[in-house]
Amino acid sequence: MAVPPMSAAPANTYIETAAVGVREDLADIIYRIDPDETPLVSACSRVGSKQVLTEWIVQELNPAADNSQPEGFTAVMQAVVKPVRLNNVCQILARTVGVSNTLRVVDVVGGEDEYNRNMILRGMEVKRDLELAVTSPLVRTITDPRHMSGLPCYTAFGARGAGAGVMPIGDGSNAGTAGTPYDLTLAVVNTAIQQCWQAGGNPTLAIMSGNIKNYFATLSQGGTNNAIVAQNIVMASPTGEMTIQGAVDVYRTNFGTLQLTPDRFCPAHQMLLVSTDYVEMAPLPERDMIQQDYAQTGDNSQGGVVFEGCIRPTAPKAHATIFDLNQ
């Protein structure tokens, strides 16, 4: 039986919605959901630059060959393999904040100085911007505002779509030409890793978007689908609770183990295969994520966080990029 609705409060009843002295219930914490993980930036070693145009030399060996010489031979000088001189441009990344001095001293949620709190946030934002820059196939420019070449511009190994697709030269001077989009396959990944291995590299980190990471888990290996493998595990297991792993975090290849790392800030439709021993972050002296306090222009505080530097692939053939993916 339904309960009959009650009547409204009697006249002149003092209720909460009309009260003046009700305190607000505001949590004393500021919650933050935006992520700040930067896989490639975090994987790079730090080696400083000394100039805006930073250069480095890459030396390769003569290819292996059948080498059988006569006893007591007369030496014949072989051609010298000249080293290659590569470069990149130090880019300035900056985020700023201005806070009134009144806001710095009043009671705010969290109890922090709003200027200092926002400076921390600006630092996180610059780090995310840097991750986007180093994973993007954007080509360096020395004209102001300067821009670095991202790691994909140094990768001649990997794959592009069919048709007009052309890989970058591999010296950072261009980004290649896009081809017809295609679906990722394990064969494409294996071929790219083998190219790097043959040249002396050892990719251990695969950086990709969330869409590609999801798609990778659906790929087949040896004609067996991952879902069937999981079903077989369930059927062969004793009765009891179990967890079916729907993710692929490590891919074991014939040429080493690849850590599959989703990156929220890398460009879509590409996968970077990185040999972490052969890539550096090269900031200028005292320009590596520094906090700056700017001159006051009134009753306020102004400042920012600055990074000036670039990525330096010390052996470009150790890395590969798979471009033009549908995912």
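These legends accompany several close-up views of a predicted model.

**View 1. The six-stranded sheet, strand by strand.** Here is the open sheet, built from six strands in the order β5-β13-β9-β6-β8-β7, with mixed pairing. At its edges sit β5 and β7, each of which pairs on one side only. From one strand to the next, the twist averages 20 degrees. As you follow the strands, keep in mind that side chains in a regular strand alternate between the two faces of the sheet.

**View 2. Strand β8 and its two partners.** Strand β8 covers residues 256–262 and runs parallel to β6, residues 205–208, with four bridges joining them. To find your place in this pair, look for Ile-207, which stands opposite Thr-261 of β8. Now turn to β7, residues 250–253: β7 and β8 pair in the antiparallel sense, again over four bridges. Here Tyr-251 has Leu-258 of β8 as its bridge partner. Two residues lie between β7 and β8, and the two strands form a hairpin.

**View 3. The pairing of β9 with β13.** Strand β9 (residues 271–274) and strand β13 (residues 320–322) run antiparallel and are joined by three bridges. A handy landmark is Leu-272, whose bridge partner in β13 is Thr-321.

**View 4. Arg-160 and its surroundings.** Arg-160 is found in the loop between β5 (157–159) and α4 (186–198). Its relative accessible area is 17%, so Arg-160 counts as buried, the cut-off being under 20%. Two polar partners are worth picking out. The side chain of Arg-160 reaches the backbone oxygen of Thr-177 at 3.1 Å, and a polar contact of 3.0 Å links it to the side chain of Asp-324. Leaving out residues up to four places away in sequence, the residues that Arg-160 touches include Gly-165, Val-166 and Met-167, the run Ala-175, Gly-176, Thr-177, Ala-178 and Gly-179, and also Tyr-182, Phe-323 and Asp-324.

**View 5. Helix α3 and its N-terminal cap.** Helix α3 takes in residues 114–135, 22 residues in all. From its first C-alpha to its last it reaches 32 Å, close to the 32 Å expected at 1.5 Å a residue. At the N-terminal end, look for Asp-113, which caps α3: one of its side-chain oxygens lies 2.8 Å from the backbone nitrogen of Tyr-115.

**View 6. Ser-45 and a distant part of the chain.** Ser-45 belongs to strand β1, residues 45–46. With a relative accessibility of 36%, Ser-45 falls between the limits for buried and exposed, and is therefore partly exposed. What does Ser-45 contact, once its neighbours within four places in sequence are left aside? The residues are Val-279, Glu-280 and Met-281. In the same view you can find Ala-282, which is 237 residues from Ser-45 along the chain, although their C-alpha atoms are separated by 8.6 Å.

**View 7. Cysteines without disulfides.** The structure holds zero disulfides. Cys-90 is a good place to check: the nearest cysteine sulfur belongs to Cys-310 and is 4.3 Å away, whereas a disulfide needs sulfur atoms within 2.5 Å. Cys-90 is buried, with a relative accessible area of 0%. Another cysteine, Cys-266, is also buried, and its relative accessible area is 9%.

Technical notes:
Residues are numbered from 1 along each chain as its sequence is written. This is a predicted model: local features need pLDDT of at least 70, side-chain atom pairs count only at pLDDT 80 or more; totals for chains, interfaces and linings use all residues. Side-chain values use heavy atoms; hydrogens and water are left out. Buried means under 20% relative accessible area, exposed over 50%, partly exposed in between (1.4 Å probe, protein chains only). A polar contact is a pair of N or O atoms within 3.5 Å; within protein, one must be able to donate a hydrogen and the other to accept it, and residues adjacent in sequence count only if both atoms are side-chain atoms. Contact means heavy atoms within 4.5 Å. The expected span of a helix is 1.5 Å times one less than its number of residues. Two strands pair if DSSP finds at least two bridges between them. Axes are lines fitted to C-alpha atoms, for helices over the stretch in contact, and angles run from 0 to 180 degrees between N-to-C directions.
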